[in-house]
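This report describes selected pockets, a ligand site and one residue environment. Please consult the sequence and the structure below while reading.

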Amino acid sequence: MYTVQNGVIIERFPYSWSGLNQSHIEQFPFFHVYPGSRSLMIGTAGCTMDCKYCSNAYIAKCPVEEVPLMNLFPEKVVTIAKKSGCQSIVFAINEPTVSLPSFLELAATAKKEGILVGCLTNGYLTNTSLQKLCEACDFLNISLKALTDQEYADLTGVTSISPICNSITYASSVCHLEITTPVLEPISSEKLGKICRFIAQINPEIPWHVLRLLPEYMLKDAPPPDIQKIEQILHDLRKMLPYTYFGNYVGAQGLSTICPVCGNIVIERINTGTCGGRLIGYNLSNGKCPHCNTKIPITGNYVDWEHLENGS
Amino acid sequence: MRAGIINAGGWQTHVDMKSGRQISLSGYLPSLLSPILESHRYPGDRDSGAIPWVTDVAQEIVNAYEPEFLMLDYATPYFLRFNEGMEGNEWNEMISGLLDHVSGFCEINGYNPVIVGTGAMIKHQGIIDLTGLSGLADAGGPVHHLATIMEPSGKDLNYLHAHPHVSGVYSREEILETFQMSLENKKDIPDLLVIAKPGYTFRALGSCIRPYHFLPGQNEKIPISGLDSSVHDITDISGGVLRSLESEKTALIIIEGLGTDDLPCRMVSNSDHWYRYTMSCEQYLAITTGKHISSQPWPPGYRGFIHDGMKKAYPFSGIIDQIPHGTIGEIWPGKSAAVGTRSVFTHVSSGADITIECKVCNQYNHGTMAIFSEKGISQQE
Ligand code: SF4
């Protein structure tokens, strides 16, 4: 959130965080980055979109003045991350570009201390913001909610999809990228197919998270999407985009990483009621499928959660 | 083996509750519970429709399974106060409607109702900022007036002791000595446990992001009705329920946020040494196992998050990593069932043969779940 002071654009609430929480990296979701590792989830308040279903509207869509914020300089946030055994800091509660200068400063401080940085973003970015965000982050998850201007306008209030497509294309070329597509009723196989093809032509190894939305905010009375129907559609699309995951519902079966060559499960995850997944099995050996030796595109190695505990 | 049926908006799957992996269940109990889950969608934590949801589901279970022991827990009043700030006439009407509702249910079905309130809630008054400490302050978890500190400095200690809204600062040694805990890893207990005065919460790592208005009042006494005068303490309740079961079917009804003003009846002590039970796993377990903190697996401030890795087993929820022993459902040799809106606490604390509970994470409504205990599964065979 910004204001103009003496002709200069400045942040209204610098270094003001709405929350700091320890989290499994899989929960954001990031499935192909340091599996098993611990992250410090942070966020501020506000957003550049107005998604009708927003699950975090109490932070993203209410007046920032009403959100109790914690004032912490980047050094302090990084100290908390280190003391709590976190390997990374991930901006995830709301849209990072509403607090870009603070986040960039935090990222720079974190990197100096050997802490990785990631974020979830809606991708509605100027070229300058996009470049800065990609430079600051080791990994990004960009939300791709639809593929037409009209759908974006109806769902999010922004009228052009081109900045989002541009963000995805650029980010995929410079850092680790995962993409999330929230699904609402009515479910369209055509729409999911188009999104899948768009991602596959950029890079078929990009992990794609299809989320069954639990609509909130303006759509809180909307019916939850039909799980079986989505799963049927994704079954075929996985041939095009092998690292396609389907989650955000408890008991989800489509969260494990399957070797695209031999079909064995190489990383096993379940959903226990969070947005992403929970790691329950890691079978890669040197980043390769133990059955057929196929290289699985994972950034970083498996991290044992309990070894991260600082001071124990 | 414990097993469960997950119902996410009509889609169902069966899971092994030890590993979380998908399994295939058959038999009488799954065929009984699957349609109940299907026809009773959970309205959500902050929806007053969750009150009749408990009783409606319980009615179906009673009709089909005829348990002698039934536990019903209603977390909705807590959420309506905590998140929505419900008070005054609206609160009084909701509570009297709920009490009428459970009385009617018990009368129709022939249960002796044992009603326990978890204690009154009071208005949120302020936040104690721990972000300036040099030690690692953590205010995560369901009890918002507790915080833990690791590696506190002398300056941190001075700040905490001098703070006008802090009511207690306890070292690991004091906690271990007071509760005679026999934990394998002493680091499971924080260096310091800090308790805020009633009405106050903490700002630190893990502190609650959702807006809130009321908090549990850290009550010395909680209300109870339906048991004889030998019950004086929260840990006497389970014995009282088991005695009642010897002569009649008994329903233990836990109503969160219900205080002594809401249910003018007998009061029982709600403390263990200096710790006042509050809506949490400790309070549920004190009620259902009759054991104080020293015999519970997770003392206040327990740092369960450090054990949250790939090896952690069932049910992957917060600090809970085992099924406690000595619950009423486990001890009672006859049939038992539970229905509740406090997610995993319902089956963990009831120990019932079969449980139906909501599946909610951070107030996101994922659906419902039916759980069968080992006893429940063996009884159907
Ligand atoms: S982009 Fe995310 S945070 Fe922003 S309104 Fe949409 S769902 Fe909410």
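## Pockets, ligand shell and a buried threonine

The lining of the largest pocket comprises twelve nonpolar, twelve polar and eleven charged residues. This structure is a predicted model.

The space in the largest pocket amounts to about 990 Å³. Its lining has 35 residues, and those closest to the pocket centre are Pro215(A), Glu216(A), Lys220(A), Pro43(B) and Asn365(B). Helix 1 (57-60) of chain A and strand 21 (364-372) of chain B each supply at least two residues of this lining. Strand 21 of chain B gives the most to the lining of the largest pocket, namely five residues.

The second largest pocket holds about 600 Å³ of space. Several elements give two or more residues to the lining of this second pocket: strand 12 (244-247), strand 13 (257-258) and strand 14 (265-270) of chain A, together with strand 2 (11-16) and strand 20 (354-361) of chain B. Strand 14 of chain A provides the largest share of that lining, with four residues. Among the 37 residues that line the second largest pocket, Ala252(A), Gln253(A), Gly254(A), Arg269(A) and Ile270(A) lie nearest its centre.

The residues around the ligand are Cys47(A), Met49(A), Cys51(A), Tyr53(A), Cys54(A), Ala60(A), Lys61(A), Asn122(A) and Lys145(A).

The table sets out the classes of residue in each of these surroundings.

| Site | Nonpolar | Polar | Charged |
|---|---|---|---|
| Lining of the largest pocket | twelve residues | twelve residues | eleven residues |
| Lining of the second largest pocket | 18 residues | eleven residues | eight residues |
| Shell around the ligand | six residues | one residue | two residues |

The last part of this report concerns a single residue. Thr97(A) is located in the loop of chain A between strand 7 (88-91) and helix 3 (100-112). Is Thr97(A) buried or exposed? Thr97(A) has a relative accessibility of 10%, and a residue counts as buried when this value is under 20%; Thr97(A) is therefore classed as buried.

The side chain of Thr97(A) also makes a polar contact, at 2.8 Å, with the side chain of Glu95(A). Which residues does Thr97(A) touch, not counting residues up to four places away in sequence? They are Tyr2(A), Thr48(A), Leu125(A), Ser129(A) and Leu133(A).

Conventions
Residues are numbered from 1 along each chain as its sequence is written. Chains are lettered from A and ligands numbered from 1 in the order in which they are written. This is a predicted model: local features need pLDDT of at least 70, side-chain atom pairs count only at pLDDT 80 or more; totals for chains, interfaces and linings use all residues. Side-chain values use heavy atoms; hydrogens and water are left out. Buried means under 20% relative accessible area, exposed over 50%, partly exposed in between (1.4 Å probe, protein chains only). A polar contact is a pair of N or O atoms within 3.5 Å; within protein, one must be able to donate a hydrogen and the other to accept it, and residues adjacent in sequence count only if both atoms are side-chain atoms. Contact means heavy atoms within 4.5 Å. On a 1 Å grid over the protein atoms alone, a cavity is a set of points where a 1.4 Å probe fits but cannot get out, and a pocket is an open set with protein on both sides within 12 Å along at least five of seven lines; lining residues have an atom within 4 Å of a point. Grid points are joined across faces, edges and corners, and a volume is the space filled by probe spheres set on the points. Ala, Val, Leu, Ile, Met, Phe, Trp, Tyr, Cys and Pro count as nonpolar, Asp, Glu, Lys and Arg as charged, and the others, Gly among them, as polar. A residue is near a molecule or strand if one of its heavy atoms lies within 4 Å of it.
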